[in-house]
Amino acid sequence: MRHFLTTEDWDQNALQHVLDRAKALKAGASSAALAGKSVALVFFNPSLRTRSSFDIGIAQLGGHPVVLDARAGTWPMEMTEGAVMDGDAEEHVVEAARVLSRYVDMIAIRCFPKFQDWSVEREDPLISAFARHSSVPVVNMETIVHPCQELALMMTLQERLGRVENKTFLLTWVPHPRPLNTAVANSALLIASKFGMNVRMLIPDDVYRLDDRYMTAAEQACRVHGTKFEIMTDVEAAYTGAQAVYAKSWGALPFYGQWESEGHYREKGAGFMVDDAKMALTDDAIVSHCLPMRRNVKIADSVVDSPAFLGIEEAENRLHVQKAMMEALSREQDARG
Amino acid sequence: MRHFLTTEDWDQNALQHVLDRAKALKAGASSAALAGKSVALVFFNPSLRTRSSFDIGIAQLGGHPVVLDARAGTWPMEMTEGAVMDGDAEEHVVEAARVLSRYVDMIAIRCFPKFQDWSVEREDPLISAFARHSSVPVVNMETIVHPCQELALMMTLQERLGRVENKTFLLTWVPHPRPLNTAVANSALLIASKFGMNVRMLIPDDVYRLDDRYMTAAEQACRVHGTKFEIMTDVEAAYTGAQAVYAKSWGALPFYGQWESEGHYREKGAGFMVDDAKMALTDDAIVSHCLPMRRNVKIADSVVDSPAFLGIEEAENRLHVQKAMMEALSREQDARG
Amino acid sequence: MRHFLTTEDWDQNALQHVLDRAKALKAGASSAALAGKSVALVFFNPSLRTRSSFDIGIAQLGGHPVVLDARAGTWPMEMTEGAVMDGDAEEHVVEAARVLSRYVDMIAIRCFPKFQDWSVEREDPLISAFARHSSVPVVNMETIVHPCQELALMMTLQERLGRVENKTFLLTWVPHPRPLNTAVANSALLIASKFGMNVRMLIPDDVYRLDDRYMTAAEQACRVHGTKFEIMTDVEAAYTGAQAVYAKSWGALPFYGQWESEGHYREKGAGFMVDDAKMALTDDAIVSHCLPMRRNVKIADSVVDSPAFLGIEEAENRLHVQKAMMEALSREQDARG
């Protein structure tokens, strides 16, 4: 059975089919792919945009969304096999996944890392266990990657740039008062490289390198496509000639969960906000950012309010790509009988 | 594009059309005005009655409700243009409104004042900004006014009194252990005066006068209709001859957010609970109150449990007027193409 | 008007009709019993499984579910008639029930006891008051009993054992780090005895006896059926010859709300986990447990992962029995006009 946990498990062609269908849905095609079906939306972390776009998308496909709020503390769940469950967890993920599978036809999960131990959290243990024990498809609504955001980003790039192959995509670290999850940054590398773009990652210091898993995946995809993957710390060089700029802030993995000492390195990126001067170096690039986004901290108002900014379009496209992906998973499931 | 932020923006005829349609819906008329549409219900403050009546009303109109819980702390939002967003707010209302507009066909918002600075909050900044940046109609589910409650109140008055013109409406301050929002009191003045009633406001002390914006609006509406607007502190005079009594408690604006010194004035209204003795002074008046309502603090059991009490009817009518208003906004939106 | 507050109000035949209908629904029968209707799901305590199974079941019956989160503190409600409401409660249950009755066609409520005063809480005051003042059927989603779980349990037993009459049902107390609600234990006694099973209750000490109300009901039902009701503390004797084992942990009523001194008695049950050795004493018994369930604390992995374990099936059956019960209540309501 096919899940949608990470784009690493899907090849470019399969994803392009989903993107093409998303464009058709956006253009007005209708679909009753979820008629008579229910989808559980399980939130271990809060959400407004993801929640509304999934909820509405499911309804538009004729299905019934069930939102389950499993936020911090309300549903501590055991993930280790054989555990003696005398701690906080009242339920094992095995039972949770099996029972939900009996109620619904698809399970979407949001579960951010807890900023405790990256060596554990980089394995994405909760959604992986859910997928292992579920008898219905599982969809990732953001964990340590954010594959739905990837699809929305790629759809937006294709809408504006046409063919993206060999164009230059810049992922730039930007300032933020707090260290954030690396999911969207990991995802940006994965999708841009898989679709044949030259990929640059601009960071203020080497401590902001992402997990090897994602940098290696990007490197390999670029090698296959004959494009370049570069990690850069020079702002001017990075922006020069870029055709797409994607802004994201994240916490440095060497200080994961013990952020006190990260401040020094964060300071080095104090000038990394996307602004007009930097944009002037690009090849008339478009700019995007997943939302929410702090104006005048991550991106200057003048850039956000210019035609180059595609963040609203990308947010809208979340709705369409998610519908297309749920349709694809549901049809495969039906085909399996 | 027309929103429903406050009845101040709507004339009596337009509102009467909505009320007439609400009566038809209550009598059993059906409507598919929201078929294929979604409505976001955004709650910055908790709600049970407003949430259920909107949710059910949308479903009855064939639409899909999406409830977004944006309660304290979960979605702090920047409202100032040009702000450098390095504080708590992760998102600017501009992006929030624009993205939601892409997902849904109407946005309803509940956002109480924060009891911090009335000079700011009296401008109703959040819902105003949402309306400014939204491309779909915005509906007020209670901010510093409560226009849906106004419509429900007027529908209930008309059901019981027939023509309300020239009848006497008494808004009486009543006791409550805590200082409350003035929204429903402001709204009561607006709707009773707009529909041609004589309006009396009974308060224990001048410090309980409402914001000039609403007292002036009521005064002007009464002048247009040739009715009387009176602010009274004499209980006996206020009840004598009244045909409708509306009870509400609120905090005194001069002590807004610094309530310590308000207690002294609150004490002066200790005898203001609606009871049989006061009701005996009226012209066989009906009594109502938006819910929730503290029995034997705001209104005595003997009054609540008498046929004069219309609070349950008014609460039911919320469902009908909201459906009629959403239908009207949706039809206008469709007409605009 | 008929509610579903406790199976004590329903005779075996009426419940068997509901179970038979649940089996038909599970087998694929469809029903539009709630078409055009709304059901309020009011949660004074959190829930994920109950919430999803009710929500989905209502949608499958063509109805519209409205989930109201009334968790601790958000909706403190007065239940005493004549109360002067100058405390925490903003609303009286009389108004809450009357207004919800105007909006929806059925009200389901979850409200656990507060572990404060069992002499009060054993009367189930909130759901009882709701039922008294509601003009639509009220369904219990777990209070001091859990009648929906009872139906799911009995459906599961009948699916596996065929006729349950005269078979032996063992309710065994099992370890848990914290004292829990007695609802499911009370319910297990009620349903097994009502359906003609021999009922054994295994507890580590007499302090774990359940409220007399339920033990007496079980005793009387067993007398009517000519079966045996036994309270046992000997593990070996209790398991020997049992055909169904139901595991549940609960707090000892003599220490209700003052659990400090219960620990000593809890220790006496340290060996009460359901395991292979105990299961070997039974007559090839099935085992079940309502979920959530702590593995290797209440039941050993080897038992949970064996074919004898029916907890997942019982959880699935919640969906079917709830649909059948809502259908029955709705049809009765329609018949009353």
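Start by selecting residues 49-60 of chain B: this is helix α2, which lies across β1, β2 and β5 of chain B and runs at about 155 degrees to β2(B). What you have open is a predicted model, in which local features need pLDDT of at least 70 and side-chain atom pairs count only at pLDDT 80 or more, while totals for chains, interfaces and linings use all residues. Residues are numbered from 1 along each chain as its sequence is written, and chains are lettered from A and ligands numbered from 1 in the order in which they are written.

A few terms will help on the way. Helices (H or I, at least four residues) and strands (E, at least two) are DSSP runs, numbered from the N terminus. Contact means that the C-beta atoms of two residues, placed from the backbone, lie within 7 Å. Angles run from 0 to 180 degrees between N-to-C directions, with axes fitted to C-alpha atoms, for helices over the stretch in contact.

**The sheet under the helix, chain B**

Now add residues 125-133 of chain B. This is helix α5, which packs on the sheet and touches β5 and β6 of chain B, its direction making about 160 degrees with that of β6(B).

Hide the helices and look at the sheet itself. Four strands of chain B form an open sheet with parallel pairing, in the order β2-β1-β5-β6; two strands pair if DSSP finds at least two bridges between them. The edges belong to β2 and β6 (138-140) of chain B, and each has a single partner strand, so one side of each is left without a neighbour in the sheet. On average, neighbouring strands here are turned by 20 degrees against each other, direction ignored.

Zoom in on residues 106-110 of chain B, strand β5, which runs parallel to β1(B) and is joined to it by five bridges. Pick F43(B) and look across to β5(B): R110(B) stands opposite.

**A buried strand, chain B**

Next, select residues 198-202 of chain B. All five residues of this strand, β8, are buried, so β8(B) is largely enclosed by the rest of the structure. Buried means that 20 or more other C-beta atoms lie within 10 Å of a residue's own; exposed means 12 or fewer, and partly exposed lies in between, with C-beta atoms placed from the backbone.

Which way do the residues point? N198(B), R200(B) and L202(B) point one way from β8(B), and V199(B) and M201(B) the other way. Add residues 168-173 of chain B to see strand β7, which runs parallel to β8(B) and is joined to it by five bridges. One pair to label is F169(B) with its bridge partner V199(B) in β8(B).

**Across to chain A**

Show chains A and B together. Their contact takes 22 residues from chain B and 23 residues from chain A. On the chain B side, β1 (38-43), β2 (64-69), β4 (91-92) and α3 (93-103) each supply at least two residues, and α3(B) gives the most, with five residues. By class, this side of chain B has eleven nonpolar, five polar and six charged residues. Here Ala, Val, Leu, Ile, Met, Phe, Trp, Tyr, Cys and Pro count as nonpolar, Asp, Glu, Lys and Arg as charged, and the others, Gly among them, as polar.

**Chain A on its own**

Isolate chain A, which has 13 helices and eleven strands. Its C-alpha trace spans about 55 × 50 × 35 Å along the principal axes, and buried residues make up 56% of its 337 residues.

Colour chain A by domain: domain 1 is 7-145 + 317-336 and domain 2 is 147-314, with bounds from an automatic or database domain assignment. Their C-alpha centres lie 25 Å apart. The contact takes 27 residues from domain 1 of chain A and 26 residues from domain 2 of chain A. On the domain 1 side, α1 (12-26) and α13 (311-336) of chain A each supply at least two residues.

Chain A also has an open sheet with four strands in the order β2-β1-β5-β6 and parallel pairing. Select β5 (residues 106-110) and β6 of chain A to find three bridges between them, and label I107(A) with its bridge partner V138(A) in β6(A).

**Last stop: chain C**

Finally, bring in chain C. Here 22 residues of chain C are in contact with 22 residues of chain A. Select α2 (49-60) and α13 (311-336) of chain C, each of which supplies at least two residues of the side that touches chain A. The most comes from α2(C), with seven residues.
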